[in-house]
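This report describes the pockets of one protein model and the residues that line them. Please keep the sequence and the structure at hand while reading.

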Amino acid sequence: MRDDAHEEDVILGRIETEVALLMRLGEATRRASGTAEHRVLDRAAYVILRHLAGAGPQNVSALATKLNLDGSTVTRQVSAMQRDGLIARTPDPADGRGTVISPTPAGLQRMAAVRAARTRLYGDILAAWSPEDRESLADLLHRLNQALESRTRRR
């Protein structure tokens, strides 16, 4: 029984190391890429625009909850994005005192450029992988993200 616990600790240690490396190398790869598309949006703006493009207009509170961020953090990010013309605020139809945030055409255009650049980058990086391996990676990363999101929602 002790060997099973030790093996599990070793495996979990490998996972922790690989996730840490993934985060560091993913950011380093993005910064080191020669294309400007990777730099037209910061990470926070990209994530917010991706979410709004898929889920539709939302108030800051709903956006903060979905992204598991503090409302004041999202408010600052959204204000900067509004100054840059990436999002627009309109009156909240459910609560006239509030506003909802939606991406502007310029915001969607920048997000699409970043997404396309990232897709090309990962296509290059994973070119030697079989389609089955790429699909397995996508499925496992999705499962990991779901588990992480589920854990943060319970807290």
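Helices, as named here, are DSSP runs of H or I with at least four residues, numbered from the N terminus. The model is predicted, and the text below follows its two largest pockets in turn.

**The largest pocket**

With a volume of about 2400 Å³, the largest pocket is lined by 42 residues, of which L22, V47, R118, L141 and N145 are the closest to its centre. At least two lining residues come from each of α1 (2–32), α2 (43–55), α3 (60–67), α5 (105–125) and α6 (131–154), and the greatest contribution is that of α6, which supplies 12 residues.

**The second largest pocket**

The second largest pocket holds about 190 Å³ of space, and its lining is made up of I11, R14, I15, E18, V19, L22, L141 and L144. Two or more of these residues are given by α1 and by α6, with α1 providing the largest share, namely six residues.

**Composition of the linings**

How do the residues of each lining divide into nonpolar, polar and charged? The table sets out the counts for the two pockets.

| Pocket | Nonpolar | Polar | Charged |
|---|---|---|---|
| Largest pocket | 21 residues | 10 residues | 11 residues |
| Second largest pocket | six residues | no residues | two residues |

The lining of the largest pocket thus includes 10 polar residues, whereas that of the second largest pocket has no polar residues. L22 and L141, which are among the residues closest to the centre of the largest pocket, also belong to the lining of the second largest pocket.

Notes. Residues numbered from 1 in each chain as written. Predicted model: local features only at pLDDT ≥ 70, side-chain atom pairs only at ≥ 80, totals over all residues. Heavy atoms only, no water. 1 Å grid on protein atoms, 1.4 Å probe; cavity = no way out; pocket = protein on both sides within 12 Å on 5 of 7 lines; lining within 4 Å. Points joined across faces, edges and corners; volume = space filled by probe spheres on them. Nonpolar A, V, L, I, M, F, W, Y, C, P; charged D, E, K, R; others polar.
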